[in-house]
Amino acid sequence: MYSWDFSALQPYWGLIWNGLGTTVIYTLVTVAAGAAIGLVVGILRLNAARWLDILLRAYIEVFRCTPLLVQLVWVYYALPVLIGVDMSAATACFITLSLYAGSFYAEIFRGGILAVDKGQWEAGRAIGMRRGKIFRRIILPQAVQVMIPSLINQTVLQLKNTSLVSVVAVSDLLYQGSVITAASYRPLEVYTVIAVLYFAVLFPLTLVADRIEARMGAHK
Amino acid sequence: MNGQQRPILVAEGIHKSFGNLHVLKGASLKVAPGEVVTLIGASGSGKSTFLRCMNLLETPQDGFLEINGRRFGFSQTGAPPRDRELVALRRDVGMVFQHFNLFPHMKVIDNIIEGPVQAKGIPIGEAREHALDLLSKVGLADKADVFPSKLSGGQKQRVAIARALAMKPDIMLFDEPTSALDPELVGEVLGVISDLARDGMTMILVTHEMGFAADVSTRVGFMNNGVMAEIGTPDEILHHPKNERLRSFLNRFHANR
Ligand SMILES: Nc1ncnc2c1ncn2[C@@H]1O[C@H](COP(=O)(O)OP(=O)(O)O)[C@@H](O)[C@H]1O
Ligand SMILES: [Mg+2]
């Protein structure tokens, strides 16, 4: 029987919190950037010229149909060679995670907007509202309701996906785990703590998501 | 039309195609202020499309439209109406849809003030006051603060009518306003429309309620194959039809009752 000894982690708590902070910050920043990219791309695709639609579709499919790990490694190791610009691991991770999130958010936004009955556009036009206003005040609020579950889902995934940045030595929670393991020889304790921390952040998020979903559906 | 009065709406030679489907083939209509014109005709004859051309939800490819002095000419090659002109026209022309199209995320009162506040820039307080008046006019004064999903179909359609009236339109278009309703709810909506007719509102409505058409209309128009095949008083059209197609339409209609 393995004898657990969490006290062995005592000297490393600083590193662990540090890693958790990095993970959370990467998530927040790339979710925000990804949502912005997704909103723009999703809306553009709704009535884009053919060439633009093909371009945006290509972007989305490339990021959806290759593993994030491959994207990260490619952007970090291959892209700088191609464009001749050195990129820090942090920058490479930021770019990749944002574009990755953006590709998924774009589809979620587009789907949500298309799911709104086109009679809603007509009702807005019939009372003399302009396109932009109809979109913001009539269509988007209804689209968001449809999208909330998928948005939350994707955001939860995004936080889990940040663990991949440890591969290019960005010091997130998982990376600190491997550092501490190397120093303490306590992989079971270390990775158990790390799993619990991921869970402790994400579980409340899913609870909040359920709450929001229930509240927003109140008038249905 | 009675002749003397300057028409409030003129639609002349309207053509509209969707791709290869030529739906309107020179449809025309003149409406004097205060008139109630009912459009009847077989499904697919172009009634909805014609109505939707009148507030430019559809842009015709030929013909012209004049509403209250605003004039729009259409041609295959010409530029479509500018956004600002479209918006201005629609503020004067109310439309009520078969499926209500209320905004489900807004309370009844907010549905009604959305147009006046957002499209016309009316102060919220003033818009609310007017909206509450309109709600009592359609018999729903107590429903201001509920969401549309809590209403029956008949109530939803009455809210939709109030929403259109809130823009203080010069003319109202109704596209089969009772077709989506359970039979027992049809009466309350027709009642509201009759009230409007009595108040002198100019209206064009597409309906299959022949009895109602006979009661409230100043004229009835029969559309067939994308044109106004025959138009006249309710008595002329419903009881003394000349057009062969109209006769068989009415026969079929009465047979199905
Ligand atoms: N947006 C559209 N795109 C393509 N076809 C349409 C569109 N709107 C109407 N149509 C077609 O035009 C014809 C006339 O339709 P409509 O005006 O709705 O007739 P009605 O209201 O008399 O039943 C139908 O064949 C219909 O399928
Ligand atoms: Mg129709």
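Sorted by class, the shell around ligand 1 comes out as four nonpolar, six polar and one charged residues. Keep in mind that this is a predicted model. The names behind that split are B:F18, B:L21, B:V23, B:A42, B:S43, B:G44, B:S45, B:G46, B:K47, B:S48 and B:T49. Going by residue class, B:F18, B:L21, B:V23 and B:A42 make up the nonpolar part, while B:K47 is the charged one.

Where does the shell around ligand 1 draw its largest share from? That would be helix 1 of chain B, with three residues. Helix 1 covers 47-54, and strand 2 (21-31) of chain B also supplies at least two residues of the shell.

Now for the polar atoms. Some close approaches between chain B and oxygen atoms of ligand 1 are worth pulling up in your viewer:

| Residue | Atom on the protein side | Distance to an oxygen atom of ligand 1 |
|---|---|---|
| B:T49 | side-chain N or O | 2.5 Å |
| B:G46 | polar backbone atom | 3.0 Å |
| B:S45 | backbone N or O | 3.3 Å |

As for how covered the ligand is, ligand 1 exposes 560 Å² when taken alone, and the protein buries 59% of that.

On to the partner chain. Chain A has eight helices and zero strands, so to speak an α-α-α-α-α-α-α-α run when read along the sequence. Its C-alpha atoms fill a box of roughly 70 × 50 × 25 Å, taken along the principal axes.

How many residues does each chain bring to the contact between chain B and chain A? Chain B puts in 27 and chain A puts in 21. An interface's size is often quoted as the accessible area lost when the parts come together. Here, the area buried between chain B and chain A is about 2,100 Å², and carbon and sulfur atoms give 53% of it.

Polar pairing shows up across this interface too. There are three salt bridges between chain B and chain A, and one of them joins the side chains of A:E122 and B:R52, at 2.7 Å from N to O. The count of residue pairs in polar contact between the two chains is nine, with both residues at pLDDT 80 or more.

Which elements of chain B form the side that touches chain A? Helix 2 (83-92), strand 6 (93-96) and helix 3 (108-120) each supply at least two residues. Helix 2 of chain B has the largest share of that side, at five residues. By class, the side of chain B that touches chain A divides into 13 nonpolar, six polar and eight charged residues.

Methods. Residues are numbered from 1 along each chain as its sequence is written. Chains are lettered from A and ligands numbered from 1 in the order in which they are written. Side-chain values use heavy atoms; hydrogens and water are left out. A residue is near a molecule or strand if one of its heavy atoms lies within 4 Å of it. A polar contact is a pair of N or O atoms within 3.5 Å; within protein, one must be able to donate a hydrogen and the other to accept it, and residues adjacent in sequence count only if both atoms are side-chain atoms. Accessible areas come from the Shrake-Rupley method with a 1.4 Å probe; for residues, only the protein chains shown count as cover. Helices (H or I, at least four residues) and strands (E, at least two) are DSSP runs, numbered from the N terminus. Contact means heavy atoms within 4.5 Å. Buried area is the accessible area (1.4 Å probe) that two parts lose on being put together, summed over both. A salt bridge is a side-chain nitrogen of Lys or Arg within 4 Å of a carboxyl oxygen of Asp or Glu.
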